[in-house]
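Please look over the sequence and the model below, and keep both at hand while reading the report that follows.

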Amino acid sequence: MKALTWQGINELEVIDVPDPEIRNDGDVILKVRRTVACGSDLHLLGGYIPFMEKGDVLGHEFLGEVVEAGPAVTRHRVGDRVAVSSFIACGKCWFCSQQLFSSCDNTNTNPAITEALWGQAPGGCFGYSHALGGNAGSHADYIRVPFADVGAFPVPDELTDDQAVFVSDSVATGWMGADLGQVRPGDVVAVWGAGAVGQMAARAAMLLGADRVVVIDRFDYRLRQVEQHLGCETLDYEQTDIQAELRERSGGRGPDVCIEAVGMEAHSPGPQYLYDQVKQQLRLQTDRPTAVRQAIHAARKGGSVFILGVFAGFVDKFPLGAVVNKGLTVRGAQMHGPRYIPMLLERMARGEIPTAHLATHVLPLSEGPRGYDLFKHKKDGCVRAVFVPGA
Amino acid sequence: MTVAVPPDRVAPGGALPERLAAFGDRIEVQVRPAPGDRGTEIAARLRGPVPSGAAEVVARASGDDPRQELRTALRDTRSLLETGDVLRPSGPPTTRPTPTNAWLRLLTSRARGEGTL
């Protein structure tokens with residue numbers, strides 16, 4: 001089959017690879033119908049997460065049709081159209097029982113790497129390096145989905161593939177930020193990052209009753225999407241003083257909930273960006289936490305900061321003083337897909353969560369490298385490149 | 001290690017799970033209820049000497065350290081008790097050995113036997 005593979009830092013290539021096989025009784029094999037370039041893939045592409053091998057198949061946000069099911073699969077049949085949680089969960093361990101599905105104890109087949117890095121291993125993820133299990137990703141004609149009864153969900157007929165595919169990661173991640181960030185009716189919520197995850201976090205905050213939702217970015221075309229498709233307020237951080245604006249828009253209190261949807265390659269104006277770049281390139285810090293710093297500084301006393309962006313290791317100049325002295329709750333997580341996806345598919349089918357506009361570039365998988373170039377360099381108004389295998 | 005099943009399922013009648021029982025007298029095992037209804041705590045320790053110093057480095061690199069065997073058995077035990085299965089990695093592989101990925105392949109080949117478990 002054809003697959004879009006990592007060939008080295010900033011090198012991608014579509015090559016022929018073996019078809020995936022059923023390896024456990026709970027697996028299904030999907031014929032991939034849509035698979036999306038995610039911002040977190042850029043950290044793999046750029047070599048910031050070094051646990052990649054030449055030939056690894058990328059992709060963790062996808063939708064497909066079941067073409068084969070293992071003997072233990074009871075909830076899916078050949079021919080079903082399903083969306084799949086990007087993180088793999090067994091559904092039976094203590095963490096899954098607490099709905100902390102991305103912390104699953106039994107799905108990372110290389111647990112020692114992340115145990116050494118972080119103390120404990122999260123669950124496995126599709127197409128996201130050997131640190132998270134080395135599972136082949138979805139940028140391919142076919143993909144193996146372990147524990148399919150837990151992580152794959154039938155897609156309502158009302159949704160097109162291009163709409164539904166985002167539930168696999170972006171919509172669920174964004175919803176989790178608002179939910180676990182504890183957005184309450186009447187809140188003022190600020191979201192850093194107007195990519196797909198940031199947009200979905202903003203929409204979730206609105207649906208959870210926030211009175212005012214402000215999305216921060218520097219790309220005009222993304223901020224326009226936020227205004228047109230979600231109805232949120234926007235701020236361009238290159239044009240205004242973000243801290244002052246957020247105080248202005250929250251009666252001087254600061255946002256009740258701040259959601260960071262940027263990650264370890266954050267950009268910022270001014271010398272701070274250069275400082276973080278140099279330290280990251282010298283490996284004196286692994287991640288650039290610019291938006292996290294801003295969010296912590298902006299949050300109201302006793303407020304909440306939720307970190308959705310992907311961070312891998314260590315950061316510098318973390319404003320711990322603000323966290324302690326303002327009494328903040330700071331929380332992060334990888335996406336607990338099965339906790340949210342069924343509910344989100346219903347909301348999407350009812351038209352509550354618009355996603356079609358995120359698919360700015362729908363391309364055949366053979367054009368995967370071009371899609372990532374458009375996406376990474378924000379060319380041609382790209383918000384997400386969606387690939388169609390076999391097209 | 002904690003498994004999310006009650007003690008009477010971990011060691012019915014005092015019989016250890018198969019993967020741990022296979023160690024025989026080579027390990028000492030304690031099984032006790034976990035607090036807060038979290039299932040069962042299993043503690044396992046190798047009896048007798050284990051490689052240390054330079055010998056440990058060689059044993060761990062070659063995959064011959066008995067602690068690796070025990071950690072793998074513990075991980076398998078937890079997964080079998082909780083899910084009835086042990087997840088296998090994706091396959092067939094889409095990568096092949098190269099000089100640049102040799103370090104990562106060594107790491108992943110030992111990844112169930114190493115770690116903080």
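## Inside and on the surface

The largest cavity has a lining made up of A:V84, A:S85, A:F87, A:I88, A:A89, A:F126, A:V145, A:P146, A:F147 and A:G151. This description rests on a predicted model, and the values given here are computed from it. Rolling a probe the size of a water molecule over the atoms shows where empty space is left. By the rule applied here, the count comes to one cavity of 30 Å³ or more, and the space inside the largest cavity is about 30 Å³. When its lining residues are sorted by class, eight are nonpolar and two are polar, while no charged residues are found among them.

One of the lining residues, A:S85, can also be compared in position with A:T74, for the two are eleven residues apart along the chain and their C-alpha atoms are separated by 17 Å. A:T74 itself sits in the loop that runs between β5 (61-69) and β6 (81-84) of chain A.

On the surface, A:V315, A:F318, A:L320, A:V324 and A:V330 make a nonpolar patch of about 400 Å². Of these patch members, A:V330 belongs to strand β14 of chain A, which covers residues 329-332.

The table sets out the accessibility of two residues already named.

| Residue | Relative accessibility | Class |
|---|---|---|
| A:T74 | 67% | exposed |
| A:V330 | 32% | partly exposed |

Why does A:T74 count as exposed? A:T74 is placed in that class because its relative accessibility is 67%, and exposed means over 50%. A:V330 has a value of 32% and therefore counts as partly exposed.

How values were computed. Residues numbered from 1 in each chain as written. Chains lettered and ligands numbered in written order. Predicted model: local features only at pLDDT ≥ 70, side-chain atom pairs only at ≥ 80, totals over all residues. Heavy atoms only, no water. Patch = residues over 30% accessible without salt bridge, like charges linked within 9 Å, V, L, I, M, F, W, Y side chains within 5 Å. Areas by Shrake-Rupley, 256 points an atom, 1.4 Å probe, with all protein chains shown as cover. Salt bridge = Lys/Arg side-chain N within 4 Å of Asp/Glu carboxyl O. Helix = DSSP H or I, 4+ residues; strand = E, 2+ residues; numbered from the N terminus. Buried < 20%, exposed > 50% of the residue type's maximum accessible area, 1.4 Å probe, protein only. 1 Å grid on protein atoms, 1.4 Å probe; cavity = no way out; pocket = protein on both sides within 12 Å on 5 of 7 lines; lining within 4 Å. Points joined across faces, edges and corners; volume = space filled by probe spheres on them. Nonpolar A, V, L, I, M, F, W, Y, C, P; charged D, E, K, R; others polar.
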